[in-house]
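This report describes a strand arrangement and a pocket. The sequence and structure are shown below.

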Amino acid sequence: MDFNKHIIEEFRANGGRVGGPFEGGRLLLLTTTGARSGAPHTTPLGYLPDGVGRVLVIGSAGGAPRNPAWFHNLVANPRVTVESGAFAYEADAVVLEGDERDRAFARAAEADPGWAAYEEKSGRTLPVVALVQVAAGPPAGPASPSAMLVAVHDAFRGELELIRKEVAASGAAVGAQLRVNCLTMCQGLGHHHMGEDQQMFPLLERRHPELGPALAELRDEHETITALLEELRRVLDAGDSASLLAEVDRLTAALEAHLGREEERLVPLLDTLEFPGAGA
């Protein structure tokens with residue numbers, strides 16, 4: 001309990017970044033409602049991307065013979081709260097079953113054999129749970145449109161950093177979970193840029209016509225990044241592990257430069273606009 005409390009406090013104080021055994025990994029905070037007490041309980045958990053608005057968690061309990069308390073809680077009360085980086089959102093917990101569960105667990109065990117070791121040690125079938133976002137966040141988080149934009153950008157920066165490490169460590173094979181991680185990031189980034197092109201940029205253009213050339217340049221950069229995302233998808237479809245790291249590096253360099261320019265030009269103006277959820 002003391003260890004979890006320390007991780008939770010560190011997570012919330014540092015926008016989702018922690019040290020110790022979770023350093024450099026994917027971590028979220030899951031808050032469930034006690035099955036018997038009705039009280040909220042927060043647990044730090046590793047997670048696996050599984051498409052935009054959906055992540056997977058596994059009830060390993062460190063290889064213990066019984067399912068963890070958080071699993072019993074969400075079976076009784078499937079509506080949960082997820083904190084991921086600077087963001088928090090409501091989600092529905094869906095316990096995967098049958099072939100869907102087995103495929104998801106196989107992906108996880110391929111990416112990290114520790115999951116299979118936990119299952120063998122526990123003597124039980126580890127439950128796999130999808131957390132499906134149902135209400136946009138964050139209910140508590142960045143207080144301004146500019147802070148929201150930077151937080152979204154930092155989430156993409158962090159995800160690309162993780163993916164680059166995973167690709168570098170993957171060797172000759174492109175594993176199934178690594179492919180899901182890459183495609184989830186591609187989809188999320190595409191949605192983010194579409195939102196900017198269709199909502200934030202037009203509003204800024206109306207309020208600040210002088211921004212027209214800068215916004216046109218940022219839209220062009222969106223197109224460049226879209227082309228890089230399509231090439232990354234092509235490499236993934238081909239299973240071309242030799243080219244994957246180079247494509248991730250190209251995307252990272254282009255995206256880092258774009259995000260920096262966007263923040264430099266737009267952050268000073270965003271907080272002057274009545275635009276809830278700018279950049280989300």
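## Basis of the strand pairing

Two strands are taken to pair if DSSP finds at least two bridges between them. The model discussed here is predicted.

With that definition, strand β4 (residues 54-58) pairs with β7 in the antiparallel sense, over five bridges. Within this region, Ile58 stands opposite Val128 in β7.

## The sheet

The open sheet consists of seven strands, ordered β2-β1-β5-β6-β7-β4-β3, with antiparallel pairing. The edges are occupied by β2 (40-46) and β3 (48-49); each has a single partner strand, so one side of each is left without a neighbour in the sheet.

Strand β7 (residues 128-135) also pairs with strand β6 (residues 87-95), again in the antiparallel sense and over six bridges. Two bridge partners in β7 can be named here: Val132 for Asp92, and Val129 for Val95. In general, strands of a sheet pair through backbone hydrogen bonds, either parallel or antiparallel.

## The second largest pocket

The volume of the second largest pocket is about 1400 Å³. Its lining comprises 49 residues, of which Phe22, Leu45, Gly46, Tyr47 and Trp115 are the closest to the pocket centre.

Which strand gives the most to this lining? That strand is β2, with six residues; β2 is also one of the strands at the edges of the sheet. By class, the lining residues of this pocket divide into 24 nonpolar, 17 polar and eight charged. Domain 1 (3-133) and domain 2 (145-271) each supply at least three residues to the lining.

Note on methods
Residues are numbered from 1 along each chain as its sequence is written. This is a predicted model: local features need pLDDT of at least 70, side-chain atom pairs count only at pLDDT 80 or more; totals for chains, interfaces and linings use all residues. Side-chain values use heavy atoms; hydrogens and water are left out. Helices (H or I, at least four residues) and strands (E, at least two) are DSSP runs, numbered from the N terminus. On a 1 Å grid over the protein atoms alone, a cavity is a set of points where a 1.4 Å probe fits but cannot get out, and a pocket is an open set with protein on both sides within 12 Å along at least five of seven lines; lining residues have an atom within 4 Å of a point. Grid points are joined across faces, edges and corners, and a volume is the space filled by probe spheres set on the points. Ala, Val, Leu, Ile, Met, Phe, Trp, Tyr, Cys and Pro count as nonpolar, Asp, Glu, Lys and Arg as charged, and the others, Gly among them, as polar. Domain bounds come from an automatic or database domain assignment.
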